[in-house]
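Please walk through this model with the coordinates open beside the text. The route starts at an open site on the surface and then moves to the helices and loops around it.

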Amino acid sequence: MGGVLPYEEMLAFDCYYNKYIVQRLKKVSNRNRKLSSIVFSKGCGHWIKDLVNIGSDALGLDWTKSMNQARLETDGKVALQGNMDPSVLYGSKDFIKQKVMHILDSYGQGPGHVFNLGHGVALDTDPDNVSYLIDCVHDLSKRA
């Protein structure tokens, strides 16, 4: 929820502690095995360059940041995870498919994207729509 903080507090709390955690994971990773890290701070898409400086392997994005813009701003320094609005799962199957296509097209060709929701699944979401979303991602990402 770092996006609700003023910029200075976001740096002092959100970025500082995420960087602390990522650095500790890298120390453990170097000793034993490779541990990947993903930083997700809801609502912080407008501070994406600060999030890249944390040093994680990937950034999780909510639906408020264009995947295309995020890819441009991160310049391949991190993988990107996200960023479909979970409320899309309340829509029709055609609507879900349209949104999946939009996100995949927005990211474009190449590696480094983990398709995901930009936040969690609501309790009253139809499980069939979640299954349909997964099928769409599998089918449509083949062309990417």
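The largest pocket has a volume of about 170 Å³; like everything that follows, this comes from a predicted model. Its lining is made up of Trp 63, Lys 65, Ser 66, Met 67, Asn 83, Met 84, Asp 85, Val 88, Lys 99, His 102, Ile 103 and Ser 106. Sorted by class, that lining has five nonpolar, four polar and three charged residues. Helix α4 gives the most to the lining of this pocket, with four residues.

Helix α4 is therefore a convenient place to go next: its buried residues fall within an arc of 165 degrees when seen down the helix axis, so they line one face. α4 covers residues 93-107, 15 residues in total, and reaches 21 Å from its first C-alpha to its last, close to the 21 Å expected at 1.5 Å a residue. The buried residues are Ile 96, Val 100, Ile 103, Leu 104, Ser 106 and Tyr 107. They pack against α3 (67-74), β3 (79-82), β4 (113-114) and α5 (127-141). On the face turned away from the buried side, α4 carries the exposed residues Asp 94 and His 102. Ile 103 and Ser 106 are buried in α4, and both also appear in the lining of the largest pocket, as does His 102. After α4 comes Gly 108, with a positive phi near 90 degrees.

One of the partners of α4 is α5. α5 has 15 residues and spans 21 Å from its first C-alpha to its last, close to the 21 Å expected at 1.5 Å a residue. In α5, the buried residues are Asn 129, Leu 133, Cys 136, Val 137 and Leu 140. Down the axis of α5 these buried residues fall within an arc of 100 degrees, so they line one face of the helix. That buried set packs against α4. The face of α5 turned away from its buried side carries the exposed residues Pro 127, Asp 128 and Asp 139.

Another partner of α4 is α3. Its buried residues are Met 67, Ala 70 and Thr 74. Viewed down the axis of α3, they fall within an arc of 60 degrees, so they line one face of the helix. The buried residues of α3 pack against α2 (48-52), β2, β3, α4 and β4. Met 67 is also among the residues that line the largest pocket.

The loops on either side of α3 deserve a look. Lys 65, another lining residue of the pocket, lies in the loop between β2 and α3. Is Lys 65 buried or exposed? With a relative accessible area of 11%, Lys 65 falls under the 20% cut-off and is buried. Leaving aside its neighbours within four places in sequence, Lys 65 is in contact with Gly 45, Ile 48, Ala 70, Glu 73 and Asn 83. The C-alpha atoms of Lys 65 and Gly 43 are separated by 8.5 Å, although the two residues are 22 apart along the chain. In the loop between α3 and β3 sits Asp 75. Its phi is near 50 degrees, a positive value in a residue other than glycine. Most residues other than glycine have a negative phi, and most peptide bonds are trans. Asp 75 is exposed, with a relative accessible area of 60%.

A cis peptide bond, with omega near 15 degrees, runs from Gly 82 to Asn 83. Asn 83 is found in the loop between β3 and α4. Asn 83 is a contact of Lys 65 and lines the largest pocket.

Further along the chain, Ala 122 is in the loop between β4 and α5. Ala 122 is partly exposed, with a relative accessible area of 32%. Its C-alpha atom is separated by 7.5 Å from that of Pro 86, 36 residues away along the chain.

The last stop is an enclosed space. The structure holds one cavity of 30 Å³ or more, and the largest cavity has a volume of about 50 Å³. The residues that line this cavity are Phe 40, Ser 41, Gly 43, Cys 44, Gly 45, Leu 51, Leu 59, Gly 60, Leu 61 and Asp 62. Strand β2 (residues 58-61) supplies the largest share of the lining, three residues. By class, the lining has five nonpolar, four polar and one charged residues. Gly 45 is in this lining and is also a contact of Lys 65.

Definitions and conventions: Residues are numbered from 1 along each chain as its sequence is written. This is a predicted model: local features need pLDDT of at least 70, side-chain atom pairs count only at pLDDT 80 or more; totals for chains, interfaces and linings use all residues. Side-chain values use heavy atoms; hydrogens and water are left out. On a 1 Å grid over the protein atoms alone, a cavity is a set of points where a 1.4 Å probe fits but cannot get out, and a pocket is an open set with protein on both sides within 12 Å along at least five of seven lines; lining residues have an atom within 4 Å of a point. Grid points are joined across faces, edges and corners, and a volume is the space filled by probe spheres set on the points. Helices (H or I, at least four residues) and strands (E, at least two) are DSSP runs, numbered from the N terminus. Ala, Val, Leu, Ile, Met, Phe, Trp, Tyr, Cys and Pro count as nonpolar, Asp, Glu, Lys and Arg as charged, and the others, Gly among them, as polar. The expected span of a helix is 1.5 Å times one less than its number of residues. Buried means under 20% relative accessible area, exposed over 50%, partly exposed in between (1.4 Å probe, protein chains only). The arc is that of the directions from the helix axis to the C-beta atoms. Contact means heavy atoms within 4.5 Å.
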